[in-house]
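Me: Here is the one I'd like to go through with you, piece by piece. Tell me first how to read the element names.

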Amino acid sequence: MTDLADIASVGRDARRGGYSRHGFDRAEIELRQWFTEEATRRGLDVQPDRNGNLWAWWGKPGPGAVVTGSHLDSVPGGGAFDGPLGVVSALQAIDLLRAKNFSPVKSIALVVFVEEEGGRFGVACLGSRLMTGAISPEAACKLTDPDGVSFGEAAHKAGFDPLRMGRDDQALRSIGQFVELHVEQGRGLDVPVGLASSILAHGRWRFTFTGEGNHAGATLIEDRRDPMLPASQLVLAARRAATGGARATVGRIVPNPGGTNVIASSVDVWLDARAGDDARTREVVEAISKAAYAASVEEGCEVRVTEESYGDTVHFDSALRDEISGVLGGVPALPTGAGHDAGILAGHVPTAMLFVRNPTGVSHAPAEHAEPDDCAAGVVALASTLEHLAG
Ligand code: HGY
Ligand code: MN
Ligand code: MN
Ligand code: MN
């Protein structure tokens, strides 16, 4: 909790509440610096990879290490635990193992992934996607933030070479097993610590509605082609389509030019959709797209749909999960609707996630919380896991 308090002054968002820390912005870079100092102070060897992720090694860097970690960026106005809890717990787990004179047979590495939330450049898990080749470096570097700064430019400014980015087989081979600790993000856990079983299929789609910009007072209603109309219908269609455990959310709408007395000429709407499997997720997005298209035609507007990112359902390695559950004396396994770098890595290496109880079920918001005792239980669980896997 002291470590979390340490970093609590970094990236506070006075306007939105909570924290806004995004890949390679000032707050995230300050926290990378904090992590580098904390890891170095513990005698760990800090090495950035080619894709903007930070690694800290206990033991010789090389293939087959036991790797843990998370991210230090947040959503806009996010909570204090999503990401930082996994990083802080990794450092604390090292302290616990050192205190009991544990000496790892396999190397242990801590990793901090860049831009996990996609809060700045729009695609979540950018660091792990680049590392695994799930996104090409060309596509990643072209992504821009709301100010028009590209990921490539931001990475370059932070000391990374965009031309060297891309699938990193050496980094992938260095991971024997990956275990990410994370605050649970719903109300799925009623004991302090659990394990993840699966992640919903999920993705992000941008709908650009185009109409005719005009005067809010002088333009008769019957003369309008207002793209805000089909944009609003999309929001309602998303709620209607998300049945049977599917989720569909519009959390961001940007009208252009965005004036109170101006009929927008275009509106960008971002849809986040998730469901149990690929087919169901596609079906939900299809139903929403159809409604958006029909509403556009009715208003004399046009709509263009762009899939900005997508990932199929993740089933975490059941053998590794059973092994860890055994080490922890039996803990519940639960599915989650939240995405993680661990979900990207799960397609490449044996991967598991430890969840720490969330008493309110709130996440991606300032009220996100985990009790100190539960966080401590999480650290102990992570330390036992690392001890078992690396011992
Ligand atoms: O679940 C998400 O939105 C993100 O990947 N954390
Ligand atoms: Mn998150
Ligand atoms: Mn997270
Ligand atoms: Mn005027």
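Reply: Helices, in the DSSP sense of H or I, are runs of at least four residues, while strands, marked E, are runs of at least two, and both are numbered from the N terminus. Please keep in mind throughout that this is a predicted model.

Me: Good, so where does Arg 12 lie?

Reply: Arg 12 is in the loop that joins helix 1 and helix 2.

Me: And is Arg 12 buried, exposed or partly exposed?

Reply: Arg 12 counts as partly exposed, because it has 15 C-beta neighbours inside 10 Å, and the class in between runs from above 12 to below 20 such neighbours. Between Arg 12 and Arg 32 there are 16 Å in space, taken from C-alpha to C-alpha, for a separation of 20 residues in sequence.

Me: Which residue other than glycine has a positive phi near 65 degrees?

Reply: That is Phe 24, whose phi is near 65 degrees, and it sits in the loop between helix 1 (2–7) and helix 2 (26–41). Most residues other than glycine have a negative phi, and most peptide bonds are trans.

Me: What about Asn 101, what is its phi?

Reply: Asn 101 has a positive phi too, near 60 degrees, and its place is the loop between helix 3 (84–99) and strand 4 (108–113). The surroundings can be set side by side: Phe 24 is buried, since 24 other C-beta atoms lie within 10 Å of its own, whereas Asn 101 is exposed, since it has 6 other C-beta atoms within 10 Å.

Me: Where is there a cis peptide bond?

Reply: The bond from Asn 256 to Pro 257 is cis, with omega near 10 degrees, and Pro 257 belongs to the loop between strand 9 and strand 10 (262–263).

Me: Changing topic, how does the domain assignment divide the protein?

Reply: The assignment gives domain 1 as 2–200 together with 314–390, and domain 2 as 202–311. Their centres, taken over C-alpha atoms, are 32 Å apart, and the contact between them takes seven residues from domain 1 and eight residues from domain 2. On the side of domain 1 that touches domain 2, the residues divide into three nonpolar, four polar and no charged.

Me: Which residues surround ligand 1?

Reply: Around ligand 1 are Glu 116, Glu 117, Ala 124, Cys 125, Ala 338 and Gly 339, and by class this shell has three nonpolar, one polar and two charged residues.

Me: On to helix 9, how far apart are its end C-alpha atoms?

Reply: The end C-alpha atoms of helix 9 (residues 278–298) are 30 Å apart, which agrees with the 30 Å that its 21 residues should span at 1.5 Å a residue.

Me: Which residues are buried in helix 9?

Reply: The buried residues of helix 9 are Thr 281, Val 284, Val 285, Ile 288, Ala 292, Ala 295 and Ser 296. They cover an arc of only 105 degrees around the axis, so they are on the same side of helix 9. The face turned away from that buried side carries the exposed residues Ala 279, Glu 286, Lys 290, Val 297 and Glu 298.

Me: What covers the buried residues of helix 9?

Reply: The cover includes strand 7 (201–210), helix 8 (228–241), strand 9 (247–256), strand 11 (266–275) and strand 12 (302–311).

Me: And which residues are buried in helix 8?

Reply: In helix 8 the buried residues are Pro 230, Ala 231, Gln 233, Leu 234, Ala 237, Ala 238 and Ala 241. Their arc around the axis is only 155 degrees, which puts them on the same side of helix 8, and on the other side Arg 239 and Arg 240 are exposed. Helix 9 is one of the elements that cover the buried residues of helix 8, and strand 7, strand 9, strand 11 and strand 12 are also among them.

Me: Last bit, what phi does Gly 300 take?

Reply: Gly 300, just after helix 9, takes a positive phi of about 70 degrees. Cys 301 is in the loop between helix 9 and strand 12, and it counts as buried because 24 other C-beta atoms lie within 10 Å.

Me: What does Cys 301 touch?

Reply: Leaving out residues up to four places away in sequence, Cys 301 touches Phe 209, Thr 210, Gly 211, Arg 225, Pro 227, Pro 230 and Ser 296. Of these, Pro 230 is one of the buried residues of helix 8, and Ser 296 is one of those of helix 9. Cys 301 and Arg 224, which are 77 residues apart in sequence, are 9.7 Å apart in space, C-alpha to C-alpha.

Terms used. Residues numbered from 1 in each chain as written. Chains lettered and ligands numbered in written order. Predicted model: local features only at pLDDT ≥ 70, side-chain atom pairs only at ≥ 80, totals over all residues. Near = placed C-beta within 6 Å. Nonpolar A, V, L, I, M, F, W, Y, C, P; charged D, E, K, R; others polar. Domains from an automatic or database assignment. Contact = placed C-beta atoms within 7 Å. Expected span 1.5 Å × (residues − 1). Arc of directions from axis to C-beta.
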